[in-house]
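Visitor: I should be grateful for a close look at a single part of this structure, namely the open sheet in the second chain. Please describe how its strands are arranged and what surrounds them.

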Amino acid sequence: MNYTFWRAIKFAWQDFWRNFWLSFVTITVIVLALLSVNILISLNAMSDGVVNSVKAKVDITVFFKENTSEAKINNFLQKIKAQKEVQEVVLVSKDEALEKFKIDYAGDKAIMEALEEVSDKGNPLLDSLIIKAKDTEDYQVVLNMLSLAENQEIIKSQNFTDHQKIISRVESLSDKVEKFGFGLTAVFAFIAVLIVYNAIRVTIYTHKEEIGVMKLVGAGNSFIRAPFLINTLFYSLFGLIFTAIVIYLLLRAVNPQLSGFLGVYDFSLLSFYADNLLWLFGVQFGGTLILTALSSAVAVGKYLKV
Amino acid sequence: MIKFQNVSKFYAPDTYALKDIDLKIDPGEFVSIIGQSGSGKTTMVKLLTAEEKVSNGKIVLGGWDISDIRHHEIPLLRRQIGVIFQDYKLLPKKTVFENISFALEACGLAHTKIHQIVPQILKVVGLGHKTDRYPHQLSGGEQQRVGIARSLIHRPKILVADEPTGNLDVSNTKEIIELLQKINELGTTVILVTHNKDIVNMLKKRVIVLDKGQMASDVAVGRYVL
């Protein structure tokens, strides 16, 4: 049984090289299909990265009235924290706010002079609370709570940094690109399936003498079929390897430009691929293998009469 | 023992390639099957090797009814029957050694065993000194001997020769027939399908005559009569 297994692989390997140009064309089409899949994955990952990054910047800042007691602020803080929609609450005292302001605008002479003037009468900044919700939809609940009369007693003002428009635009664009990408991938996948089917058919034809001899001397049916099915393993494996090489080269080439664009949103496509390499390519290999093996099995069933 | 019991082979819409064939071939016999073109000789060979299925009747090979043989059993049957053809069916890009070893590899034999068996078989057919030649470097008779060697790899009990000398000259024909006789003397049942009158008359063995798919005669020591 071992000999049969290794011999089937040997015969498949011989077929693969003997029909070099056919194998080359087949692998090229598989690479194109996988590239379109990876472009789709990359676009998806980038839009998710941008959206998540933008979502992370959404928050509500509440400024308390001057001379609001610490006890009232703490009480308010506990009430907000207890809300299930709230993910995080950060209290920034006016002193901390002043220190941060000085650091942020240290290089701006005009602002620093203005601050010095105003600081003579005391810290002009207010105690504040930065509230982050678990999801962008939850902010409305928080805003409703803030607008309650009991809370408005201690709230001087609130600032809701709403990036919802940007988020919606990005998601809408991403949706359109995804649909187009799926269509393109489906077309390439279909072509790849047809190419593999034809490659196996041609290989069967070019080996009809050997197949005839194998049948004549009583070779097992599975041994006769196996090399054609094993060929799909080679097509899938080489297809994936060449795809990985092309993607790596492309990413290296465009990463500087992409970093400039996506760096603002804390997203790196190269890091995304590095972090998810195994499962990304594992799934693609599995999917390619299944499709090509099915195509091959149909061709073998139809044209290899054993 | 090979038994054909009321065997018929029908091709739609209205062609009987074989009709009501009843015959028995004992182990170790040498039988010539003769007949004009279209008489059913090759169909008989195809039925024996399960390349075709009988439309009616039974074929029994050593107690095994192969009339309704299952798909996965066909390779097992073919290992028990050696077949040689008029066109040799050798692989042109493989040497003599490789043509035989390929057949053994296809049947799952170990590498070391293959290297033991192939030289022995080639010696039997007188080609031990030409193992690295390619088919195009051999005469017709030598190519047919390679075909015979390949048919013997499983030490089959039955050897079917379908017009083995059709493409050969007189002297090569004689060599091949002598080889078949030698194989028969070693105990293998030989079924020779032929058009060649001289061979049949020279052999003085059992002769079965087919005519339009039916048995015209079956003579223990026959002559070519058509």
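Guide: What follows begins with the sheet of chain B and then turns to its surroundings. The model is a predicted one, and every value given here is computed from it.

Chain B contains seven helices and 10 strands. Six strands form an open sheet in the order β6-β7-β8-β3-β9-β10 (chain B), and the pairing is mixed. In general, the strands of a sheet pair through backbone hydrogen bonds, in either a parallel or an antiparallel sense. The edges of this sheet are occupied by β6 (81-85) and β10 of chain B; each has a single partner strand, so one side of each has no neighbour in the sheet. From one strand to the next, the twist averages 15°.

Both senses of pairing can be followed at β9(B). On one hand, strand β3 (residues 30-35) of chain B pairs with β9(B) in the parallel sense, over five bridges. Within this pair, G35(B) stands opposite L210(B) of β9(B). On the other hand, β9 (residues 206-211) of chain B runs antiparallel to β10 (residues 214-219) of chain B, and five bridges join them. Here I208(B) has D218(B) in β10(B) as its bridge partner. The connection between β9(B) and β10(B) is a hairpin with two residues between the strands. In that turn, K212(B) has a positive phi of about 50°.

A helix also belongs to this picture. Helix α6 (residues 170-185) of chain B gives four residues to the side of domain 1 of chain B that touches domain 2 of chain B, the most of any contributor. The same helix, α6(B), packs on the sheet, where it touches β3, β7 (158-162) and β8 (189-193) of chain B. The direction of α6(B) makes about 150° with that of β8(B).

The two domains deserve a fuller description. Domain 1 of chain B comprises 1-80 + 156-226, while domain 2 comprises 91-155. Their C-alpha centres lie 24 Å apart. The contact between them takes 10 residues from domain 1 of chain B and 12 residues from domain 2 of chain B. On the domain 1 side, the residues divide into six nonpolar, two polar and two charged.

For the chain as a whole, the radius of gyration of chain B is 17 Å, which agrees with the value near 17 Å for a compact globule of 226 residues. The C-alpha trace of chain B spans about 50 × 40 × 30 Å along its principal axes. Of the 226 residues in chain B, 42% are buried. Among contacts in chain B between residues at least 6 apart in sequence, 66% join residues at least 24 apart.

Finally, chain B meets a partner. In this contact, 18 residues of chain B touch 15 residues of chain A. On the chain B side, the elements that give two or more residues are α2 (74-78) and α3 (96-106) of chain B. Of these, α3(B) gives the most, with four residues. By class, that side of chain B has 10 nonpolar, three polar and five charged residues.

Terms used:
Residues are numbered from 1 along each chain as its sequence is written. Chains are lettered from A and ligands numbered from 1 in the order in which they are written. This is a predicted model: local features need pLDDT of at least 70, side-chain atom pairs count only at pLDDT 80 or more; totals for chains, interfaces and linings use all residues. Two strands pair if DSSP finds at least two bridges between them. Domain bounds come from an automatic or database domain assignment. Two residues are in contact if their C-beta atoms, placed from the backbone, lie within 7 Å. Ala, Val, Leu, Ile, Met, Phe, Trp, Tyr, Cys and Pro count as nonpolar, Asp, Glu, Lys and Arg as charged, and the others, Gly among them, as polar. The radius of gyration is taken over C-alpha atoms; the globule rule is 2.2 Å times the number of residues to the power 0.38. A residue is buried if 20 or more other C-beta atoms lie within 10 Å of its own, exposed if 12 or fewer, and partly exposed in between; C-beta atoms are placed from the backbone. Axes are lines fitted to C-alpha atoms, for helices over the stretch in contact, and angles run from 0 to 180 degrees between N-to-C directions.
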